[in-house]
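Q: Please take a close look at a single part of this predicted model, the contact between two of its chains, and describe it in one connected account. I would also like to see how the aromatic rings and charged side chains fit into that picture.

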Amino acid sequence: MADDEPRISYVERLGRTSMRSVVLVALWIVLAEGDLESLKVGALLAVAAATASVALLPGPLPRLSAWGLARFVAFFAIQSFAGGTDVALRALHPRRPLDPSCLWYDFRLSGHTPRVVFANTLSLLPGTLSARFDGDRLEVHVLDRGASTTRSIAQVEDRVAALFGIVLPMSGEVE
Amino acid sequence: MLEMMTLVLMGTIALAVYRIERGPTGADRMLSSMLFGTSGTALTLLLGEVSGLHRLHDMALVFALLAAVTAVAFVKRAWRAGD
Amino acid sequence: MIPVVDIASTALFVASGFYFLAGSVGLVRFPDVYTRLHALTKADNLGLGLLVTGLALRSGSWYTVAKLYAIWLLVLFASATSCYLVAHAARTGGIPVWRNERP
């Protein structure tokens with residue numbers, strides 16, 4: 001992983017370390033529930049963690065689109081509800097209705113991070129579970145063949161693309 | 001009410017123990033460990049609320065972190081297909 | 001405590017208990033490792049989300065609210081990752097996918 005990361009200049013390194021330190025200090029304040037006294041330790045640890053982070057991942061972090069993020073959070077919340085309810089009803093139903101299968105899905109998204117976010121999102125949404133990456137394909141296990149199709153998976157991919165501010169080819173078709 | 005919830009969560013853990021007993025594969029047993037991660041986090045948060053000790057939130061955080069690490073350890077080191 | 005908050009958080013706790021229990025029932029009743037993974041990742045994460053929301057309503061501090069949701073996000077991330085790891089190991093290890101043979 002680290003091998004294909006670009007070499008970066010001293011200034012870039014300094015900039016990224018400071019940016020990530022600021023984010024980590026904010027996280028520390030949340031975790032310490034507002035106890036600013038604890039920043040004596042926290043600030044030091046945040047800088048150390050940011051330095052380690054830049055050493056391991058020197059490249060720029062992917063940018064998120066604010067509008068895409070807001071829409072994604074709403075979509076995710078509603079779909080989590082649907083997914084939890086769907087699987088709970090199947091588990092409690094006397095006949096336990098399941099019709100599982102596996103299908104291969106061809107990525108339209110490119111890039112490591114967007115694909116991983118997409119695969120993880122699928123696993124948390126109704127009826128789908130990412131089982132295996134293979135080049136530009138993803139194997140998806142579905143709980144109900146009738147309910148989860150390539151088309152419904154493509155809709156999730158569109159949402160993840162919007163999160164990163166990417167427009168996918170043929171995305172209009174599945175909207 | 002909160003006390004009832006802690007009992008429900010312990011019930012879920014009891015069901016997971018059944019899955020450990022039955023298996024049949026190592027992967028099935030790993031699922032119970034994943035459930036301990038989620039239920040354990042929930043249980044710790046609830047106990048924090050019941051007892052008023054918000055420090056327990058930190059413990060819940062550690063539970064959540066460990067849940068991530070155990071799955072990696074399991075897949076990389078512990079399990080071979082057919083176990 | 002404000003009654004509305006009290007009622008809302010109690011409803012959230014009851015719902016959370018339902019999903020946790022249903023997830024575990026799925027873990028026991030579903031036929032193979034993949035379907036059981038579905039039960040865990042979906043039902044339990046929703047259960048935890050509802051519980052966290054109930055606790056957040058009662059907390060009275062924005063820091064605590066943020067921290068509770070940070071814990072939930074971490075658990076979501078951990079279970080999506082573990083779910084993939086286990087499914088991948090099972091699939092490449094040759095554990096067969098259960099299929100519904102009933103017409």
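A: In this predicted model, chain C and chain A bury about 3500 Å² between them, and 67% of that area lies on carbon and sulfur atoms. The contact draws on 39 residues from chain C and 41 residues from chain A. On the side of chain C, Arg29(C), His38(C) and Lys42(C) supply 18% of the area that this chain buries against chain A, which is more than any other three residues contribute.

As for charged pairs, the count between chain C and chain A is two salt bridges. Glu139(A) forms a salt bridge with Arg91(C), and the closest N and O atoms of this pair are 3.0 Å apart.

Aromatic rings also take part in the contact. Over all chains the structure holds eight aromatic pairs, and one of them joins Phe133(A) to Tyr84(C) in an edge-to-face arrangement, with 5.5 Å from centre to centre and 70° between the planes. This pair crosses between chains, running from strand 2 of chain A (residues 128-134), where Phe133(A) is located, to helix 3 of chain C (residues 62-92), which holds Tyr84(C). The two partners fall into separate accessibility classes: Phe133(A) has a relative accessible area of 30% and is therefore partly exposed, whereas Tyr84(C), at 17% relative accessibility, counts as buried because the cut-off for that class is under 20%. A further edge-to-face pair is formed within chain C by Phe18(C) and Tyr19(C), whose ring centres are 5.1 Å apart and whose planes meet at 75°. Here Phe18(C) is partly exposed, at 36% relative accessibility, while Tyr19(C) is buried, at 8%.

The cross-chain pair belongs to a wider group, since ring pairs link Tyr105(A), Phe107(A), Phe118(A), Phe133(A) and Tyr84(C) into a cluster. Positive charges are placed over rings as well: Arg96(A) lies over the face of Trp98(C), at 5.5 Å from the ring centre, which adds another link from chain A to chain C. Within chain A, Arg137(A) lies over the face of Trp104(A), at 3.9 Å from the ring centre.

The domain assignment of chain A helps to place these residues, as it gives domain 1 (2-56) and domain 2 (66-174). The C-alpha centres of these two domains of chain A lie 32 Å apart. A view of domain 1 (2-56) can start from Ser21(A), which is found in helix 1 of chain A (residues 10-31). Ser21(A) is buried, with a relative accessibility of 10%, and, leaving aside residues up to four places away in sequence, it touches Ala46(A), Val47(A) and Ala50(A).

Chain C has a contact with chain B too, and its values can be set beside those given above. In that contact, 42 residues of chain B meet 40 residues of chain C, and the two chains bury about 3400 Å² between them, with 82% of it on carbon and sulfur atoms. Two salt bridges are found across the interface of chain B and chain C. Arg36(C) forms a salt bridge with Asp28(B), in which the closest N and O atoms are 2.2 Å apart.

Methods: Residues are numbered from 1 along each chain as its sequence is written. Chains are lettered from A and ligands numbered from 1 in the order in which they are written. This is a predicted model: local features need pLDDT of at least 70, side-chain atom pairs count only at pLDDT 80 or more; totals for chains, interfaces and linings use all residues. Side-chain values use heavy atoms; hydrogens and water are left out. Rings of Phe, Tyr and Trp (its six-membered ring) pair if their centres lie within 6.5 Å; planes under 30 degrees apart count as stacked, over 60 as edge-to-face and the rest as tilted. Helices (H or I, at least four residues) and strands (E, at least two) are DSSP runs, numbered from the N terminus. Buried means under 20% relative accessible area, exposed over 50%, partly exposed in between (1.4 Å probe, protein chains only). A charge sits over a ring if NZ of Lys or CZ of Arg is within 6 Å of the ring centre and within 35 degrees of the ring normal. Domain bounds come from an automatic or database domain assignment. Contact means heavy atoms within 4.5 Å. Buried area is the accessible area (1.4 Å probe) that two parts lose on being put together, summed over both. A salt bridge is a side-chain nitrogen of Lys or Arg within 4 Å of a carboxyl oxygen of Asp or Glu.
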